[in-house]
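Work through these short exercises with the structure open. Each task is followed by a stepwise solution.

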Amino acid sequence: QVQLAESGGGLVQAGGSLKLSCAASGRTFSSYAMGWFRQAPGKEREFVAVISRSGGSTAYTDSVKDRFTISRDNVKNTMYLQMNSLKPEDTAVYSCAAKGVSRYGYTLPTVATRYDYWGQGTQVTVSS
């Protein structure tokens, strides 16, 4: 089992940057593909980015490509989301999620229902 805890959210002006962290408990962090999702008020949860177990593969939703970068440190059991050139429409609660992957498996899930564990979320607010 994995417990996830996000941090790094806050209030930033449009054009600014934030770096979110997702700290995972347990010793098998590298057995999980990790993803970031966000949910704005009145909207459905939306996929943002995903990274493979090793960190060698990533995928992003189109609206954040070239602005956000997902990464992970399997020694520190932590995943990150560097967010640059933030826009007011990026305002949302950002949550990290973990998907268990078999030893020789590979997956980059972009659908929330495929994930096994979730953090509580951290608020990101971008002012115009």
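**Exercise 1.** The charged end of which residue sits over the ring of Tyr 80?

*Solution.* The model is predicted. Start at the ring of Tyr 80: the charged end of Lys 19 sits over it, 4.6 Å from the ring centre. Now go to Phe 29. The charged end of Arg 72 sits over that ring, 4.4 Å from its centre.

**Exercise 2.** Find the disulfide and assign its handedness.

*Solution.* Step one: search the whole structure, which gives 1 disulfide. Step two: identify the partners, Cys 22 and Cys 96, with S to S at 2.1 Å. That satisfies the cut-off of within 2.5 Å. Step three: take the torsion about the S-S bond. It is about 65°, so the disulfide is right-handed. Step four: place the ends. Cys 22 belongs to strand 3 and Cys 96 to strand 9, so the disulfide ties together parts 74 residues apart in sequence. Both cysteines are buried.

**Exercise 3.** Classify the aromatic pairs that Phe 37 forms with Phe 47 and with Tyr 115.

*Solution.* The whole structure holds 5 aromatic pairs. Take Phe 37 and Phe 47: the centres are 5.8 Å apart and the planes lie at 70°, so this pair is edge-to-face. The cut-off for that class is over 60 degrees. Phe 37 is in strand 4 and Phe 47 in strand 5, so the pair ties together parts 10 residues apart in sequence. Next, Phe 37 and Tyr 115: 5.3 Å centre to centre, 80° between the planes, again edge-to-face. Tyr 115 lies in the loop between strand 9 and strand 10, 78 residues from Phe 37. Phe 37 and Tyr 115 are both buried, and Phe 47 is buried too. Last step: group the rings. Phe 37, Phe 47, Tyr 115 and Trp 118 make one aromatic cluster.

Conventions:
Residues are numbered from 1 along each chain as its sequence is written. This is a predicted model: local features need pLDDT of at least 70, side-chain atom pairs count only at pLDDT 80 or more; totals for chains, interfaces and linings use all residues. Side-chain values use heavy atoms; hydrogens and water are left out. Helices (H or I, at least four residues) and strands (E, at least two) are DSSP runs, numbered from the N terminus. Buried means under 20% relative accessible area, exposed over 50%, partly exposed in between (1.4 Å probe, protein chains only). Rings of Phe, Tyr and Trp (its six-membered ring) pair if their centres lie within 6.5 Å; planes under 30 degrees apart count as stacked, over 60 as edge-to-face and the rest as tilted. A charge sits over a ring if NZ of Lys or CZ of Arg is within 6 Å of the ring centre and within 35 degrees of the ring normal.
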